[in-house]
Amino acid sequence: MKAFTDIVCPTPKGLYCPPGDFYIDPTRATERAVVTHGHSDHARAGHGSVLATKETLAIMGARYGADFTPSQQAARYGEKHRIGDATVWLSPAGHVLGSAQAVIEAHGRRIVVSGDYKRRPDPTCAPFEPVSCDVFITEATFGLPVFRHPDDGKEVAKALHMLEVFPERCVLIGAYALGKAQRIITLLRQGGYDAPVYIHGAMEKLCALYESLGVELGELRLTKDAVKGEMMGKVIVAPPSALGDRWSRRLPEPVNAFASGWMRVRARARQGGIELPLVISDHADWDELTATLLELSPQEVWVTHGREEPLVHWAGLNGLKVRPLHLAGYDEEDGEGPQGDNLKSAEDAAGEPA
Ligand SMILES: [Zn+2]
Ligand SMILES: [Zn+2]
């Protein structure tokens, strides 16, 4: 019998599948990549070929240009693909539009690379589907018991309440451009907000892409085309990096809000000058992580990016065989945090002077 690491193993470029000779979410250019979702730390340009959902391929195309790889292979959820001596299929991860778990089968074993995932409903993407497996590779971005994400509808209601209390101001919500921004807009619509949502230029392309892939966002207007007065009492969505910069001076007395799982940490909100922290995350919280491990009860759990040790400890205490992977190259939150590509995208947002 082959060892699990003969099927998937950690390498400096990311997780590698020897029987199929491909990498999953490689952090450097490789000959053949399977990509779980479009966040920039998982989906990089320059691979010889990429297998992903059609949504993820579209997101990569929007970010890197249509020629980001010479060979694109679109996979539907559940559709099996033979690569070398391995079989690969994708199952929804509930993280962002098109996000998938990569299910890898070889030598009679099944290993699931979950990428990033969450378990709560998200109107912008297909819900996580648990797949029974021998090895489950889990993220641990919020792998500490302190991270418990509240109901997202109630968080968004706080922003809507602010608009009522301060009709002369606007609420400026910092949200990552891929996934979070579109989820926030959809949650606002579900909360009864039907006025135009004003967006920063850095959001335009991905919002348009989401709409073209069937996610309805309602009326969006670009802040650069708006006069100050019309944005009073309205919601503006912008990349987090735009919150403190000169760009925001054009807005009517913004209430600075930030939608992130990190907003659970008050000090972090205070440091960032966030008046209205919104605890909304596209990652599983502690309860979702631990419930998923118990539900799947695989032979082994491998833990990667984020807070590996506490989750490893918890899994061990709960009778699971577990190991941390210590993979490098993945960001704290989606490659879109202050160190990620959002700074760049905020700066080079077309037509958005500082
Ligand atoms: Zn990630
Ligand atoms: Zn992600």
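This report walks through a predicted model of one chain, from its overall build to a few helices and a single valine.

**Overall build**

The chain holds eight helices and 19 strands. Its radius of gyration is 20 Å, close to the 20 Å that the globule rule gives for 354 residues, so the chain is as compact as a globular protein of that length. If you lay the C-alpha trace along its principal axes, you get a span of about 70 × 45 × 30 Å. Buried residues make up 49% of the 354. Take the contacts between residues at least 6 apart in sequence, and 61% of them join residues at least 24 apart.

How far can you trust it? The average pLDDT is 92, and 94% of the residues score at least 70. The stretch to be wary of is residues 335-354, where pLDDT stays under 50. The model still gives that stretch 48 contacts beyond four places in sequence.

**Two domains and what sits between them**

Domain 1 is made of two pieces, 4-146 and 282-333, while domain 2 is 152-278. Their C-alpha centres are 29 Å apart. Where they meet, 17 residues of domain 1 are in contact with 16 residues of domain 2. On the domain 1 side, the touching residues split into eight nonpolar, four polar and five charged.

The largest nonpolar core has 97 residues, and the members touching the most others are Ile104, Leu172, Ile173, Ile184, Ile236, Val237 and Ala257. Helix H3 (residues 180-190) supplies the largest share of this core, with five residues. Where does the core lie relative to the domains? Both domain 1 and domain 2 give residues to it, so the core lies between them. As a bit of background, nonpolar side chains tend to be buried together in soluble globular proteins.

For a closer look, pick Ile184. Setting aside residues up to four places away in sequence, Ile184 touches Val156, Ile173, Ala175, Val237, Ala259 and Ile280. Two of these partners, Ile173 and Val237, are also on the list of core members with the most contacts.

**Two helices side by side**

Here is how H1 and H6 compare in what they bury and what they pack against.

| Helix | Buried residues | Packs against | Just after the helix |
|---|---|---|---|
| H1 (residues 54-64) | Glu55, Thr56, Leu57, Ala58, Ile59, Met60 | E5 (49-52), E6 (72-74), H4 (204-212) | Gly65, positive phi of about 95 degrees |
| H6 (residues 286-296) | Trp286, Glu288, Leu289, Leu293 | E11 (135-140), E18 (300-306), H7 (308-317) | Ser297, positive phi of about 35 degrees |

In H6, Leu289 and Leu293 are both buried. The general rule is handy here: an α-helix has 3.6 residues a turn, so residues three or four places apart point the same way. In H1, the buried residues include Glu55 and Thr56. The buried residues of H1 pack against helix H4 along with strands E5 and E6.

**A look at Val255**

Val255 sits in strand E16 (residues 254-259). Is Val255 buried or exposed? The cut-off for buried is 20 or more other C-beta atoms within 10 Å, and Val255 has 20, so it counts as buried. Leaving aside neighbours within four places in sequence, Val255 is in contact with Met162, Phe166, Arg169, Val171, Leu172, Glu275 and Leu276. One of these, Leu172, is among the core members that touch the most others. For a sense of scale, Val255 and His326 are 71 residues apart in sequence and 39 Å apart in space, C-alpha to C-alpha.

Note on methods: Residues are numbered from 1 along each chain as its sequence is written. Chains are lettered from A and ligands numbered from 1 in the order in which they are written. This is a predicted model: local features need pLDDT of at least 70, side-chain atom pairs count only at pLDDT 80 or more; totals for chains, interfaces and linings use all residues. Helices (H or I, at least four residues) and strands (E, at least two) are DSSP runs, numbered from the N terminus. The radius of gyration is taken over C-alpha atoms; the globule rule is 2.2 Å times the number of residues to the power 0.38. A residue is buried if 20 or more other C-beta atoms lie within 10 Å of its own, exposed if 12 or fewer, and partly exposed in between; C-beta atoms are placed from the backbone. Two residues are in contact if their C-beta atoms, placed from the backbone, lie within 7 Å. pLDDT is the predictor's confidence in each residue, from 0 to 100. A nonpolar core is a set of buried Ala, Val, Leu, Ile, Met, Phe, Trp, Tyr and Cys residues joined through C-beta atoms within 7 Å. Domain bounds come from an automatic or database domain assignment. Ala, Val, Leu, Ile, Met, Phe, Trp, Tyr, Cys and Pro count as nonpolar, Asp, Glu, Lys and Arg as charged, and the others, Gly among them, as polar.
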